[in-house]
Amino acid sequence: MLIVVSSWGAHARGDEKSKGGAQPPTPATSGRGGGEASSKDVDTEHLFGFTEGADAGEKGEQEVVLDTVSRLGKRAGGPGGSRYRVLDTKLGYQFDPIDRLSIEFGAFGDLRRARNVLDLDDKSYGTFDGVSVEVKYQFLKSSKDQPLGLALELRPRYGRVLPIEGNGADIFDFESVLQLDVQVVPDKVWYGSNISFEPAAGRQRGGGPGYRSSTFLWSHALVGRIGESTYLGPEVRYLRGYDGTFLNQLQSEALTVGPALHHRFTEKTWLTVAYAGQVWGRDTGPTLAGRALGLNQFERHNIRVKLGMEF
């Protein structure tokens with residue numbers, strides 16, 4: 001792919017010279033700081049759904065994001081109807097103090113309803129669920145001439161609710177995400193991948209027991225341009241949930257598949273929608289051995305909706 005892109009670039013430069021020399025850069029074609037990248041290069045940060053692209057902004061850019069993940073479906077705890085619905089919503093403000101470095105502050109809300117779910121108490125409430133800081137540095141920026149993007153993001157967070165049980169708690173977790181994206185076909189097809197490790201520790205309120213968990217994630221997404229400002233493609237995620245902060249004892253594993261859609265309404269306003277349905281999984285508990293899907297730590301369905309505005 002790199003050889004093809006380089007050959008195409010050399011041919012294009014040759015055509016320019018034959019027409020009387022190279023043209024001076026214009027605002028539409030010059031890159032950051034006078035570099036090679038085009039200012040029209042697609043921003044991959046929110047392009048892939050649950051998978052995060054490697055792009056970070058330029059110095060002085062700001063962004064507000066409303067990010068909601070719906071987690072739906074657990075095993076029934078007995079006869080009759082069962083319901084498990086959790087909406088995790090984050091309102092985030094992101095700014096870029098220097099090129100390729102972004103910092104985001106987030107505030108979370110938790111809205112849930114659980115009824116007749118195995119090993120969980122019935123609950124129905126909404127509450128404030130803590131704050132986070134996300135720091136991201138982009139090592140490589142993808143472009144038509146250099147298709148690989150690479151970044152590392154660190155996400156410390158304080159939470160007030162146990163993510164599965166919904167009990168009040170004081171939880172601290174620290175997610176580390178390695179983000180990679182590639183322009184497979186320049187300006188047409190993009191591939192994104194994340195590897196994530198997220199340990200968490202804390203204690204339930206009211207003298208409850210301690211809480212220790214960790215999660216490993218490996219995700220892949222491939223999207224293509226289907227319109228001037230619309231992108232669509234499949235996404236696959238593999239997740240492993242553990243008891244203990246350092247991947248100590250495997251509790252559940254799951255494989256999810258679904259589509260991801262990204263659309264820009266204007267140059268500064270965009271929407272990303274993604275669905276992930278569990279197609280395979282397992283729980284390691286002796287009472288759940290042999291039962292389909294990994295529903296102890298994960299859900300049957302996940303839906304993500306992100307709405308953002310840059311300024």
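The protein has 1 helix and 12 strands; here helices (H or I, at least four residues) and strands (E, at least two) are DSSP runs, numbered from the N terminus. Colour the chain by secondary structure and walk along from the N terminus: the helix comes up before the strands, in the order α-β-β-β-β-β-β-β-β-β-β-β-β. Before you click further, know that this is a predicted model, where local features need pLDDT of at least 70 and side-chain atom pairs count only at pLDDT 80 or more, while totals for chains, interfaces and linings use all residues. Residues are numbered from 1 along each chain as its sequence is written, and side-chain values use heavy atoms, with hydrogens and water left out.

**The whole surface**

Switch on the surface. About 15,600 Å² is accessible, and 61% of that belongs to carbon and sulfur atoms (areas come from the Shrake-Rupley method with a 1.4 Å probe, and for residues only the protein chains shown count as cover). Of the 311 residues, 43% are buried; buried means under 20% relative accessible area, exposed over 50%, and partly exposed in between.

**Stop one: V86**

Now select V86, in strand β2 (residues 83-98). Is V86 buried or exposed? V86 is buried, because its relative accessible area is 1%. Show what V86 touches: V69, S70, R71, D110, L111 and R112, leaving out residues up to four places away in sequence. Contact here means heavy atoms within 4.5 Å. Try the distance tool on V86 and G73 too: they sit 13 residues apart in sequence and 9.2 Å apart in space, C-alpha to C-alpha.

**Stop two: D41**

Hop to D41, in the loop between α1 (2-18) and β1 (62-72). D41 counts as buried because its relative accessibility is 11%. Which residues does D41 contact, besides neighbours within four places in sequence? Select K141, S142, S143 and K144. The side chains of D41 and K144 are joined by a polar contact of 3.1 Å (a pair of N or O atoms within 3.5 Å; within protein, one must be able to donate a hydrogen and the other to accept it, and residues adjacent in sequence count only if both atoms are side-chain atoms).

**Last stop: L140 and its patch**

Finally, select L140 in strand β4. L140 is partly exposed, since its relative accessible area is 33%. Add Y137, F139, L148, L152, L154, F174, L178, I195 and W218, and with L140 you have a nonpolar surface patch of about 810 Å² accessible area together. Patches are made of residues with over 30% relative accessible area and no salt bridge (a side-chain nitrogen of Lys or Arg within 4 Å of a carboxyl oxygen of Asp or Glu): like charges are joined within 9 Å, nonpolar side chains (Val, Leu, Ile, Met, Phe, Trp, Tyr) within 5 Å.

Key:
Buried < 20%, exposed > 50% of the residue type's maximum accessible area, 1.4 Å probe, protein only.
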